[in-house]
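Colleague: I am new to this structure and would love a close look at one part of it. Could you take me through chain B, and then show me how the rest fits around that chain?

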Amino acid sequence: MAKNKVVSKNMRVAGMKLGLTGLVLAVLFLFLIPMFYGIVTSLKTDNQLSIIGAPWWPAAEGSFNYEGKDYDVYSVPMEDGTVRELALYKKGRKVSEFVDPKNPEAGPFEWEGAWRQLERVWSFSPQWSNFKEAWDTVNFPRLLWNTLVYASVTTFGAVFSSALVAYGFSRFKIPGKGVLFMLMLSTVILPSAVTLIPTYFVFLKLGWVGTWLPLIIPAFFSWGTNTFLLRQFFMSIPRELDEAAMIDGASPLRVFVSIILPTSGPALTAVGLFHFFWAWNDFFGPLIYLAGNPDKFPITVGLTAFNNLYSQSTNLIQAASLISAVIPVIIFFLAQKQFMQGVVVTGVEK
Amino acid sequence: MSFFEGVELLKKDKARGKRKLTGSEKREARTGLAFLSPWMIGFVLFYLLPMIASFVFSLYDFNPAVPDQAKFIGFENWQRALVIDEEVRLSFFRTIHFMAISLPITLSFTLFLAVLMNSEHVIGKNIYRTLFYMPTMIPLVAGVLVWNGVLNEQTGWVNVIIEKLTGIEAVGTEGLRWLADPKLVYYAYTMFGLWGVGNGMIIFLAGLQGVPTEIYEAAQIDGAGWWRRLFRITVPLITPVIFYQLVLSVIASLQYFLAPFVLNDGTGFPEGMTRFYMVYFYKQSFSFFNMGYGATLAWLMFLVALVLTAILFGTAKYWVYYASEER
């Protein structure tokens, strides 16, 4: 009896495992369908996209070169019940002539029936050239370079300044520190619009609109979320370390540079990655400050402009979207551990 | 949860009181402030002064192309926004309408994924977690364009699959026009958003992993089933994390802008449904350059965000569980 119970319990657990894993796989499949769609569509020809009844995979309509001329290939039902793929040599209303691509030496032969009723034969034919075309039309080297510079410079600025501020918040007794800290946190949830117009106007007066400066300079004055995350990490570094250094006569700045920063590698990486991806994604700022300067566009704004111009070329748009996703996705796969840990610290830690 | 960290610090401030600082304490405070200075300068330059200026702008009829013609008009902009201009009210309620659809779907999907990723019965969780996270890394603009394709009424796979599976006529102009039908468009936009659940999922997951297993075991011995454990133990224990996500999502939805702008340049297609508040703000401020009026709209948004956050924080004590109360 007892043995049976164990077996049935094992069965139930196995069933649960199978069921839940199946559920996850099904959800994952649905979740990633758009991505498969993007990849497949980016490899199609314009022509295929406009034909109703074309296969879902990237394909081209088959053709066969016979005596120096191209003929369309159809699937033709034969009298003996088989279906053969034949090239239509001479069109006729009731009788047409076909050539067998597998046996062209036999020459054209007649087939009775209406060729218009026949279906074309499609063969797998991925258009890798779409990526090249998208790459050239969108001027990707320019966009990638702009985005890379923007993301790197602001990441450096944001990480460095946030680390300084986080050190201040984590190590010093300052009257009113609570108020300051609350103010800093509240900037995280402040809708950006409320500061936008005067800031825009000042940058306009400075002649900075149309340059990268309005997007880069503010990053050097630390960011709420980054500072919060780093402060949490610095709090966990034992104070004995800095106190020992202080006794040896090190200044606070020295402690920051030679003790805090070197021990905070993972946290600094996480914050850096965050900011990098944030900048890579940034849309509203560049849209406003770089309007009318396509030379300076980052990927997001450039991709939008491309979409507006080529909205009919679905395949090229999908190719361009995929290209712009490649770098962040690769970096994510390389650094996912640090990244996810960072997410956890901002969201969960007290 | 970050906001409550600040509250703790505030309490410490109060506890210290207003007693005079000794010389060494003064020195420490000064050094500390020096380290805080990048943030303090940035706060004044990029938050405090612009906010005040924004309010001043709202009292003017002002176009940056002709700054000399700026005219003080008192509260006319405010009157226009609150009383005369119907589009303000409409775009605000569109935003709320969209929020009411997208927020529950997105948050429950996020929680659903996190619960699955936390289940001991799912084989190969780490791979799925990475794959569910991956689309979060795709730039939003690219993600929106991909979804735009897959939801296309004629060629998109979503309709083709629905038609194949259910037999409902989904493909074509008579079918499911995800992005052109006013009744469907918010659901379509919600789907775009699902590609960004990665961060929320990881945060919820960490919250779930923080729930002590002894509580589960005790509940199991008491005969609580899976659902009961989920809604009576798991969810209540991770309410702080849910709260954090909720606050951030509400604020982000108020500023929803990217998808309608990328897909139809802020025209509001279909039937104005996607002319959300932020889109209208952008149009007024950066297409028509009515910056006085734009500043008014921005301040209104700020006030709404303030009220919503205050409401959320006010309700927090009824449903958010704080372990720190026991400390």
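**A close look at chain B**

Modeller: Happily! Let us begin inside chain B, where four residues of domain 1 of chain B are in contact with eight residues of domain 2 of chain B. On the domain 1 side, the residues that touch domain 2 of chain B are three nonpolar and one polar, with no charged residue. Please keep in mind that this is a predicted model. The domain assignment of chain B places domain 1 at 1–57 and builds domain 2 from two stretches, 78–138 + 195–326. Taken over C-alpha atoms, the centres of domain 1 of chain B and domain 2 of chain B are separated by 29 Å.

Now step back to chain B as a whole. Chain B contains 15 helices and two strands. Along the principal axes, its C-alpha atoms fill a box of roughly 65 × 60 × 30 Å. Of the 327 residues in chain B, 39% are buried. If you look at contacts in chain B with a separation of 6 or more, 65% of them involve residues 24 or more positions apart.

Next comes the partner chain. In chain B, 87 residues are in contact with 82 residues of chain A. Helix α2 (residues 23–57) of chain B gives the most to the side of chain B that touches chain A, contributing 20 residues. That side of chain B divides into 62 nonpolar, 19 polar and six charged residues.

One spot where you can see the two chains meet is K17(A). K17(A) sits in helix α1 (residues 2–42) of chain A. Not counting residues up to four places away in sequence, K17(A) touches H121(B) and I123(B). K17(A) counts as partly exposed because 15 other C-beta atoms lie within 10 Å.

The interior is a good place to look next. In soluble globular proteins, nonpolar side chains tend to be buried together. The largest nonpolar core here has 146 residues, and those that touch the most other members are A320(A), V144(B), M201(B), F281(B), A298(B) and M301(B). Take V144(B) as your way in: leaving aside neighbours within four places in sequence, V144(B) is in contact with F192(B), L258(B), A259(B), V262(B) and L263(B). There is also a second, separate core of 13 residues, with F64(A), L86(A), L88(A) and V99(A) among them.

F64(A), from that second core, brings us over to chain A. The domain assignment of chain A gives domain 1 as 63–120 and domain 2 as 131–347. The C-alpha centres of domain 1 of chain A and domain 2 of chain A lie 62 Å apart. Strand β2 (residues 63–66) of chain A pairs with strand β3 (residues 69–77) of chain A in the antiparallel sense, over four bridges. Within this pairing, Y66(A) has K69(A) in β3(A) as its bridge partner. The hairpin of β2(A) and β3(A) has two residues between the strands, and in this hairpin E67(A) takes a positive phi near 50°.

Finally, a word on confidence in chain A. Chain A averages a pLDDT of 87, and 97% of the residues score at least 70. Confidence in chain A is lowest in helix α2 (residues 46–50) of chain A, with a mean of 80, and highest in helix α7 (residues 213–216) of chain A, at 95.

Key:
Residues numbered from 1 in each chain as written. Chains lettered and ligands numbered in written order. Contact = placed C-beta atoms within 7 Å. Nonpolar A, V, L, I, M, F, W, Y, C, P; charged D, E, K, R; others polar. Domains from an automatic or database assignment. Buried ≥ 20, exposed ≤ 12 C-beta atoms within 10 Å, placed from the backbone. pLDDT = per-residue confidence, 0-100. Pairing = 2+ DSSP bridges. Core = buried A, V, L, I, M, F, W, Y, C linked by C-beta atoms within 7 Å.
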